[in-house]
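Biologist: Before I trust the labels in this model, I would like each one set against its definition.

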Amino acid sequence: MDTNDASHEVLLATKIEEAEQKLEKLELAIDEIGQPAASELKRRLEALKVEERALKRNFEEARVGQLTNAAKMEKIETLLRHIEREESSVEHEAAFLHQGNPSTVVMAAEASAKLVGAISRGVKKVVGEHPFETSSVFVNHSHETLVSRYGLKKEGTQRADAES
C-alpha cells in the first residue's frame, strides 16, 4: 500500500465521519419539526442510516484487507456521494418544513404548556415556594412569618377591632 492509497483512505474516513455527524444533526432537526409533517423525512433518514452503516462496514472491510481493490473503493466512493446528496436533499426539505406554520398539535401543546405554567404560578402565589406535595406551608413557620406572608391578623388585634 503506497502513501497515495493511505491518504485516500484517511480522506474517505473523514468524509464518512462528517456524513455520520450530519445524519445526527438532521435527526435532531427532523425531531424538532414534529409529526405528521416530518414522517416522510424520518423514513428517508432511517434509510440513510442503513446506507451509512453499510458504507462504514464496506469501508472497514476494505481497510482490513491488505490489498486495496480499486473497484471496491470506487463503489465505496459512489455510495458516499449518494449519501451526501441524499443528506443535502433531506436537509433542504427539513429547512423548508422548519419555516412552515406550526401544526395544530404544536399549537395545542404550546397552549397547554402555557396553561400549566399559569396554574403553577398561581399555586406558587398562594402556597409560596414550598413544595406542597411533601410538606405543609404552615410547618416550620412562626406566627409573624405567616402574618407577613399571608396577611393574617393576630388574635389580639381582631378582638380589639371587634370591641371598638
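The questions below go through helices, burial, salt bridges and the core.

Modeller: This is a predicted model, in which local features need pLDDT of at least 70 and side-chain atom pairs count only at pLDDT 80 or more, while totals for chains, interfaces and linings use all residues. Residues are numbered from 1 along each chain as its sequence is written, and side-chain values use heavy atoms, with hydrogens and water left out.

Biologist: How do you know that the span of helix α2 agrees with its number of residues?

Modeller: A helix is a DSSP run of H or I with at least four residues, numbered from the N terminus. The expected span is 1.5 Å times one less than the number of residues. Helix α2 (residues 39-64) has 26 residues and should span 38 Å; its end C-alpha atoms are 38 Å apart, so the two agree.

Biologist: Why is Lys49 called buried?

Modeller: Buried means under 20% relative accessible area, exposed over 50%, and partly exposed in between (1.4 Å probe, protein chains only). Lys49 has 17%, so Lys49 is buried. This residue of helix α2 touches Leu23 and Glu27, leaving aside residues up to four places away in sequence; contact means heavy atoms within 4.5 Å.

Biologist: What makes Glu20 and Lys56 a salt bridge?

Modeller: The rule asks for a side-chain nitrogen of Lys or Arg within 4 Å of a carboxyl oxygen of Asp or Glu. For Glu20 and Lys56 the N to O distance is 3.3 Å, and the pair meets in a salt bridge. Glu20 lies in helix α1 and Lys56 in helix α2, so the pair ties together parts that are 36 residues apart in sequence.

Biologist: Which residue of helix α2 forms another salt bridge with Lys56?

Modeller: Glu52 does, with the closest N and O atoms 4.0 Å apart. Lys56 and Glu52 are four residues apart in helix α2, so about one helical turn separates them. Salt bridges with shared partners join Glu20, Glu52 and Lys56 into one network.

Biologist: Why are Glu52 and Lys56 given opposite or like burial labels?

Modeller: Glu52 counts as buried because its relative accessibility is 6%, whereas Lys56, at 31%, counts as partly exposed.

Biologist: Which residues touch the most other members of the largest nonpolar core?

Modeller: Such a core is a set of buried Ala, Val, Leu, Ile, Met, Phe, Trp, Tyr and Cys residues joined through side-chain atoms within 4.5 Å. Of its 20 residues, Ile30 and Ile76 touch the most other members. The elements giving two or more residues are α1 (3-33), α2 and α3 (70-99).
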